[in-house]
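Me: I would like to go through this structure in short questions and answers. Please keep the reasoning plain.

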Amino acid sequence: MRRKTPTPPSPLPQRHGVDPVRVRLPVAGPWRTVREHLVERLSGAGAGVVDGMFDAGRIVGADGRPVAAEAPYVPGMFVWFHRDLPDEVPVPFPLEVVHRDEHIVVADKPHFLATTPRGGHVAETALARLRRELDLPALTAAHRLDRLTAGLVLFTVRPEERGAYQTLFRDRRIHKEYEAVAPYDPALPLPRTVRSRIVKERGVLTAREVPGEPNAVSRVELVEHRDPGGLARYRLTPATGQTHQLRVHMCALGVPVLGDPLYPEVTTPVPAGDFRRPLQLLARILEFTDPVTGVEHRFRSGRALAAWASYDRWVAGTYHGPPDGQ
């Protein structure tokens, strides 16, 4: 059995709380130089951008020294560089820290803030913000919330302990409760457990239910409803973690989450910086036994769902009340 070569530490520091990009050259390929491979691998950026990075000495090897564009291709070689950060509109809502110790950080994420760098959201993410604000460059996320979903996210302080906390989610040893505002249907029998098979294809915005063995299980309960207005507040307890699972299940029940831009129909994307009418879905409770310390943790988000607190102001996009825990 071939022994796996350990990944060398990054020779570049973080920038704005964002790690440098690490690229390992494939073991086999037709490329003669490092440049040829990177031009092909980073084809979306364009050859001119890659050449400019080489000329500026921004692509470095494990020793931290710039790699020449004409450097021979070496299978398995690592190179690092900092990506050009996209122009990002700051999310104008606070990221609250509800717990911090030497092992974990639990944050109460606002709507519209991505959990980790991805796509056009890089420095303006919960992870990058926390690394900067708490001076914790090694901080990593144990799981993710959708950018449009608010609520509790668990981060790990020590990289070597991340796997222990991720295992909580993999083995379903963590209790999560969500809250949603959606239409009220008096004919919908609740509580109920929804089971279905959900698939999410790369490059497709929405997930969908398909025939087959269920891989997504959600408990849906009615907390309260209001008349007139026809809205209700629901407690959602997922037993699994498929992409968009709660949103798909609520839509399938005929009560899609208020403000959802994907379900039941994909709507026109809003302009950057439009933070009105957030998705009315909140990760309210996070409860688990700490796999490192053995401490029993129970955390609760202090945020309010705007459409329940003030529906008219949510519709108008003017509700910016402070977290109040409802």
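Me: How many salt bridges does the count come to?
Reply: This is a predicted model, in which local features need pLDDT of at least 70, side-chain atom pairs count only at pLDDT 80 or more, and totals for chains, interfaces and linings use all residues. Residues are numbered from 1 along each chain as its sequence is written, and side-chain values use heavy atoms, with hydrogens and water left out. A salt bridge is a side-chain nitrogen of Lys or Arg within 4 Å of a carboxyl oxygen of Asp or Glu. By this rule the count is 19.

Me: How many helices and strands does the chain have?
Reply: Helices (H or I, at least four residues) and strands (E, at least two) are DSSP runs, numbered from the N terminus. On that basis the secondary structure of the chain comes to 7 helices and 13 strands.

Me: What share of the residues of the chain counts as buried?
Reply: Buried means under 20% relative accessible area, exposed means over 50%, and partly exposed is in between (1.4 Å probe, protein chains only). The areas come from the Shrake-Rupley method. Of the 326 residues of the chain, the share that counts as buried is 44%.

Me: With which residue does Asp 84 form a salt bridge?
Reply: The closest N and O atoms of the pair are 2.9 Å apart. Asp 84 sits in the loop between strand S2 (78-81) and strand S3 (96-100), and its partner sits in the loop between helix H2 (47-55) and S2, 26 residues apart. The partner is partly exposed, with a relative accessible area of 28%. It is Arg 58.

Me: How many residues apart in sequence are the parts that Arg 303 and Asp 108 tie together?
Reply: The side chains of Arg 303 and Asp 108 meet in a salt bridge at 3.3 Å, N to O. Arg 303 lies in the loop between strand S13 (296-300) and helix H6 (306-309), whereas Asp 108 lies in strand S4, so the parts tied together are apart in sequence by 195 residues.

Me: Are Arg 303 and Asp 108 buried or exposed?
Reply: The two residues belong to one salt bridge. Arg 303 and Asp 108 are both buried.

Me: Which strands hold Arg 235 and Glu 177?
Reply: These residues form a salt bridge, with the closest N and O atoms 3.7 Å apart. The pair ties together parts that are 58 residues apart in sequence, because Arg 235 and Glu 177 lie in strands S11 (residues 231-238) and S7 (residues 174-183).

Me: Which residues are linked in a network of salt bridges?
Reply: Here the linking goes beyond one pair, since the residues form a network. The members are Glu 179, Glu 224, Arg 233 and Arg 284.

Me: Why is the pair of Phe 112 and Phe 275 edge-to-face?
Reply: Rings of Phe, Tyr and Trp (its six-membered ring) pair if their centres lie within 6.5 Å; planes under 30 degrees apart count as stacked, over 60 as edge-to-face and the rest as tilted. A search of the whole structure finds 6 aromatic pairs. In this one the ring centres are 5.3 Å apart, and the pair is edge-to-face because the planes are at 70°.

Me: Where do Phe 112 and Phe 275 lie in the chain?
Reply: Phe 112 is buried at 8% relative accessible area, and Phe 275 is buried at 15%. The pair links distant parts of the chain, 163 residues apart. Phe 112 is in the loop between strand S4 (104-109) and helix H3 (126-134), and Phe 275 is in the loop between helix H5 (245-252) and strand S12 (281-289).

Me: Which residues are joined by a cis peptide bond with omega about 5°?
Reply: Most peptide bonds are trans. The proline of this cis bond lies in the loop between S7 and S8. The residues joined are Leu 190 and Pro 191.

Me: What is the phi of Asp 135?
Reply: Most residues other than glycine have a negative phi. Asp 135 is found in the loop between H3 and strand S5 (140-141), and it is exposed, with a relative accessible area of 63%. Although Asp 135 is not a glycine, its phi is positive, at about 55°.
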